[in-house]
There are 2 protein chains.
Amino acid sequence: MVDGSPVRVPGDWAAHLASSILEAARVPSHHAQVTAEQLALADLRGVDTHGLMRLPNYIERMRRGELEPDVVPTVVTQTPGTATVDGRHGLGQVNSHFAMSLAVDKARDNGVAAVTVHSSSHFGAAAGYPMMATDRGCIGIATTNAWPLLPAVDGAARRVGNNPLAIAAPTRLGYPLVLDIAMSRVAAGNLRIAAEGDNVIPSDWAFDKHGNPTTDARDALFGGGMLRAMADHKGFGLALMMDVLAGVLSGAGYGPSVTGLDEPGYVHVGHFFVALEVAAFMDLERFLDRVDDLAAHVHASPTREGVDRVLVPGELEAGITAERLRTGIPYRRDLYERLLALAAELGVAVEEPDRGSMGA
Amino acid sequence: MVDGSPVRVPGDWAAHLASSILEAARVPSHHAQVTAEQLALADLRGVDTHGLMRLPNYIERMRRGELEPDVVPTVVTQTPGTATVDGRHGLGQVNSHFAMSLAVDKARDNGVAAVTVHSSSHFGAAAGYPMMATDRGCIGIATTNAWPLLPAVDGAARRVGNNPLAIAAPTRLGYPLVLDIAMSRVAAGNLRIAAEGDNVIPSDWAFDKHGNPTTDARDALFGGGMLRAMADHKGFGLALMMDVLAGVLSGAGYGPSVTGLDEPGYVHVGHFFVALEVAAFMDLERFLDRVDDLAAHVHASPTREGVDRVLVPGELEAGITAERLRTGIPYRRDLYERLLALAAELGVAVEEPDRGSMGA
């Protein structure tokens with residue numbers, strides 16, 4: 001096995017590996033499991049940039065005292081429909097799972113609920129939290145802020161994070177409708193791939209430090225440059241309003257006071273979650289009839305020449321999940337080895353993945 | 001006055017004209033005023049496509065029995081944090097003003113509230129409703145659905161409306177932060193302007209009926225073509241999720257069952273409003289300190305060469321409002337004359353605008 005082909009492992013093996021590594025780093029068992037499940041879910045859905053590849057950074061930050069492994073998120077204030085949570089600089093996944101669970105509980109009593117979190121950290125992929133809501137008959141909404149990467153329109157400095165917005169709704173399709181979008185034109189990961197290769201990117205992906213378009217990926221990432229917002233003022237405006245909800249309103253850092261994951265200190269990230277109980281608005285079965293009908297109408301669309309069919313939001317990821325549950329998550333070999341090395345360092349005994357269980 | 005220069009009139013004169021026309025068309029006085037204020041607000045903010053130019057269509061639809069002038073929006077179901085409203089095929093502005101007022105009232109008791117409306121109609125500019133929330137210490141969110149104009153990604157037929165999302169937050173800047181974005185790459189109005197001129201549009205604005213890029217504005221608008229979504233799958237996904245909230249969840253039409261404003265019958269539009277009471281999450285003064293600080297940080301951004309300063313969402317429109325309050329709303333002469341003719345037809349006595357009051 002010296003080739004560059006990916007290593008395929010079962011999703012539950014990946015989750016167990018992540019959970020074991022986190023527990024070995026002093027994360028309480030239940031919290032380790034919640035975090036591991038969110039990371040593995042991202043990998044299963046094909047959102048590889050937000051899966052287990054994040055784990056080494058989390059562990060490193062715990063070692064440096066920049067991320068608390070064993071704190072418990074705490075409700076600071078609440079009303080029947082709202083809560084504010086202090087994440088106590090713990091894992092974003094733990095805080096977000098707690099906050100979204102609370103939002104759904106409150107929505108089931110109250111019809112709607114909104115929960116903010118401050119003093120949190122990277123929460124992984126946004127989609128995982130609204131998907132928790134759909135399992136319980138709710139529509140879920142989630143956003144977070146992040147370290148600045150986008151300029152204001154016509155600006156020449158990073159001013160706001162590439163703050164995602166995720167919305168999910170229950171269906172009977174076998175998967176929920178899930179939208180999870182960041183506000184940049186292309187993900188920073190695409191620039192990183194270019195930076196490791198020929199370094200050339202299209203001129204509409206990013207800006208240099210003067211706010212002018214650049215085709216130099218390293219310049220954009222490491223030379224004071226910036227990601228270009230999707231749809232320019234629309235993307236910047238959405239990113240800023242997400243910062244108002246997740247950062248300003250939560251009591252977290254916002255704009256420049258959010259720290260990058262490679263910088264020292266707590267990251268001061270905040271989150272914002274909403275749950276809407278469908279049954280407070282409409283009989284759930286009727287809603288499911290209607291949402292499925294909307295999806296069916298999209299699916300019945302004529303297509304551009306050469307295209308088989310069109311998809312609804314979340315369908316692509318649901319297809320990848322089904323395939324990866326069958327054939328395993330394909331980890332890059334260097335990541336796989338890095339995770340095993342991390343496990344070994346922390347004294348975690350790792351069993352070889354049972355590839356037979358994947359049916360591949 | 002035979003030239004093509006615009007006619008400048010005071011904002012309150014425009015609102016009074018609109019209100020008088022609506023009353024003459026059997027809209028109750030209070031409802032006429034609410035609607036007129038929303039239309040004039042759009043014109044004051046420079047959103048001319050959603051101002052008084054919409055009035056002739058509304059009146060025409062009332063005449064044809066496709067829009068009810070004198071119905072009262074009715075709460076169908078409610079919980080402490082939610083309500084569903086039947087708009088009874090009345091004016092979208094009336095229904096939306098009612099629903100957002102209710103959402104703010106409920107948010108002030110409950111911290112957060114969400115209100116849906118079905119059987120409504122065109123609500124004008126989305127921004128006006130979350131701006132009602134900021135006047136009362138709340139963050140507001142609004143969306144609506146609309147007749148299909150966008151295809152699914154790689155689709156070759158209209159599947160979803162150009163459904164806007166508006167979010168507003170209170171500040172001490174003299175204006176709220178206001179984001180109001182539709183999901184197309186460019187507004188349909190820009191295609192209409194091209195269609196009336198040389199008919200040529202950039203190839204990334206729209207598709208023909210086969211789902212291929214077109215440079216023919218009329219083809220896109222009237223030949224079965226479609227608007228291109230901003231950021232492609234992101235814009236389509238947001239538009240679809242807005243339809244889930246405003247259409248599916250509200251009990252309104254959705255996707256293809258929403259009717260265009262030039263088509264016969266009720267439009268079956270739905271809306272969705274959220275109000276978040278800031279004080280349920282954080283002392284309002286502290287929030288205002290923080291949101292102003294975020295805005296100050298954006299304003300302090302270095303700029304691209306040739307650019308004086310960068311703006312926060314809503315600032316451009318606030319500047320236009322200040323100028324138009326001083327110098328008047330500049331209506332195109334043909335629109336001005338059309339509105340006067342409409343007033344005359346309905347027997348409305350119109351006083352000449354007092355241009356002295358504009359200080360111009």
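Student: In the hairpin of S6(A) and S7(A), which residue takes a positive phi?

Tutor: Asp154(A), with phi near 70°. The hairpin has six residues between its strands. One caution: this is a predicted model, where local features need pLDDT of at least 70, side-chain atom pairs count only at pLDDT 80 or more, and totals for chains, interfaces and linings use all residues. Residues are numbered from 1 along each chain as its sequence is written, while chains are lettered from A and ligands numbered from 1 in the order in which they are written.

Student: What makes S6 (residues 148-151) and S7 (residues 158-161) of chain A a pair?

Tutor: Pairing needs at least two bridges found by DSSP between two strands. S6(A) and S7(A) have three, in the antiparallel sense, so they count as paired. Pro148(A) has Gly161(A) as its bridge partner in S7(A). Strands here are DSSP runs of E, at least two residues; helices are runs of H or I, at least four; both are numbered from the N terminus.

Student: How do you know which strands of the sheet S11-S10-S12 (chain A) stand at the edges?

Tutor: The open sheet has three strands in that order, with antiparallel pairing. S11 (213-214) and S12 (226-227) each have a single partner strand, so one side of each is left without a neighbour in the sheet. S10 (residues 206-207) of chain A pairs with S12(A) over two bridges. One of the bridges joins Phe207(A) to Met226(A).

Student: Why is Asp12(B) called partly exposed?

Tutor: Count other C-beta atoms, placed from the backbone, within 10 Å: 20 or more is buried, 12 or fewer is exposed, and in between is partly exposed. Asp12(B) has 16, so it falls in between. Asp12(B) lies in helix H1 (residues 11-24) of chain B.

Student: How do you know that the span of H12(A) agrees with that of a helix?

Tutor: The expected span is 1.5 Å times one less than the number of residues. For the 13 residues of H12 (333-345) that gives 18 Å, and the end C-alpha atoms are 18 Å apart, which agrees. Gly347(A) follows H12(A), with a positive phi near 75°.

Student: What makes the relation of chains A and B that of a two-fold axis?

Tutor: Copies are superposed by least squares on C-alpha atoms of residues with pLDDT of at least 70 in both. A rotation of 180° with 0.0 Å of shift along its axis puts chain B on chain A, RMSD 0.0 Å. That is the two-fold relation. Ala231(B) comes closest to the axis of all residues of chain B, at 3.0 Å (C-alpha).

Student: How do you know which surface the copies meet through?

Tutor: Contact means C-beta atoms, placed from the backbone, within 7 Å. Of the interface residues of chain B, 100% are also interface residues in chain A, so the copies meet through the same surface.

Terms used: Contact = placed C-beta atoms within 7 Å.
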